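Colleague: Could you take me through one part of this model slowly, as you would at the screen? I would like a close look at the sheet and at what packs against it.

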Amino acid sequence: MESPVRVTFRDLTASDQIERLCRGEAEKLARFHGRITDCHVRIARLHPRHRKGNLYDVRVDLVLPGSAVVVEHTPAEHARTE
């Protein structure tokens, strides 16, 4: 990977453990496609006022030569009660 993996947190405290996990997973991606030029992982808490059962939106932006890949996961609103 040409540039370091960037991990951003929104509406939650940054966690070294989560950052290490994201960087490790990005290194696994680099094994499949050795020409990844940029990787940005964004983690956001959807409802910051809840004390328990918070849901998180995770988005991964990968930049490859000549293209970009975006993967996003937003859980359904009722997922908290499942």
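Modeller: Happy to, and what follows goes through the sheet strand by strand, with the core and a few individual residues along the way.

Please keep in mind that this is a predicted model. The chain has 1 helix and 4 strands, and from the N terminus its elements come in the order β-α-β-β-β. The strands form an open sheet of 4 with mixed pairing, in the order β1-β2-β3-β4. At the edges are β1, residues 6–10, and β4, residues 67–73, each of which pairs on one side only. On average, neighbouring strands of this sheet are turned by 10° against each other, direction ignored.

Let us start at the β1 edge. β1 and β2 (residues 38–45) run parallel and are joined by 5 bridges. Two places to find on screen are Thr 8, whose bridge partner in β2 is Arg 42, and Phe 9, which stands opposite Ile 43 in β2. Between these two strands the chain passes through helix α1, residues 16–32, and this β-α-β crossover is left-handed. That handedness deserves a look when you turn the model.

On the way from β1 to α1 there is a loop, and Asp 11 is in it. Asp 11 has a positive phi of about 65°, although it is not a glycine. As background, most residues other than glycine have a negative phi. Asp 11 counts as partly exposed because its relative accessibility is 41%, between the 20% and 50% limits.

Now to β2, which is mostly covered, with 7 of its 8 residues buried. On its other side β2 pairs with β3 (residues 56–64) in the antiparallel sense, over 8 bridges. Arg 42 appears again here, this time with Arg 59 as its bridge partner in β3. Arg 42 can therefore be followed to both neighbouring strands, with Thr 8 as its partner on one side and Arg 59 on the other.

What packs together around these strands? The largest nonpolar core has 12 residues: Val 5, Val 7, Phe 9, Cys 22, Ala 26, Ile 36, Cys 39, Val 41, Ile 43, Val 60, Leu 62 and Leu 64. β1, α1, β2 and β3 are the elements that give two or more residues to this core. In soluble globular proteins, nonpolar side chains tend to be buried together. Val 41 is a good residue to centre on: leaving aside neighbours within four places in sequence, Val 41 is in contact with Val 5, Arg 6, Val 7, Thr 8, Cys 22, Arg 59 and Val 60. For the chain as a whole, 30% of the 82 residues count as buried.

Moving on to β3, have a look at Val 63, which lies in this strand. With a relative accessible area of 33%, Val 63 is partly exposed. Its C-alpha atom is separated by 5.5 Å from that of Thr 37, although the two residues are 26 apart along the chain. Not counting residues up to four places away in sequence, Val 63 touches Arg 35, Ile 36, Thr 37, Asp 38 and Ala 68.

From β3 the tour continues into the other edge strand. β3 and β4 pair in the antiparallel sense over 7 bridges. Their hairpin has 2 residues between the strands, and Gly 66 takes a positive phi near 85° there. Among the paired positions is Val 58, whose bridge partner in β4 is His 73.

Glu 72 is also found in β4, and is partly exposed at a relative accessible area of 45%. The C-alpha atoms of Glu 72 and Val 60 are separated by 6.3 Å, with their positions 12 residues apart in the numbering. Apart from neighbours within four places in sequence, Glu 72 is in contact with Asp 57, Val 58 and Arg 59.

Two values for the whole chain round this off. Among contacts between residues at least 6 apart in sequence, 48% join residues at least 24 apart. The accessible surface comes to about 6,000 Å², and 52% of this belongs to carbon and sulfur atoms.

Technical notes. Residues are numbered from 1 along each chain as its sequence is written. This is a predicted model: local features need pLDDT of at least 70, side-chain atom pairs count only at pLDDT 80 or more; totals for chains, interfaces and linings use all residues. Side-chain values use heavy atoms; hydrogens and water are left out. Axes are lines fitted to C-alpha atoms, for helices over the stretch in contact, and angles run from 0 to 180 degrees between N-to-C directions. Buried means under 20% relative accessible area, exposed over 50%, partly exposed in between (1.4 Å probe, protein chains only). A crossover is right-handed if, with the strands pointing away from the viewer, the path from the first strand over the helix to the second runs clockwise. A nonpolar core is a set of buried Ala, Val, Leu, Ile, Met, Phe, Trp, Tyr and Cys residues joined through side-chain atoms within 4.5 Å. Contact means heavy atoms within 4.5 Å. Accessible areas come from the Shrake-Rupley method with a 1.4 Å probe; for residues, only the protein chains shown count as cover.
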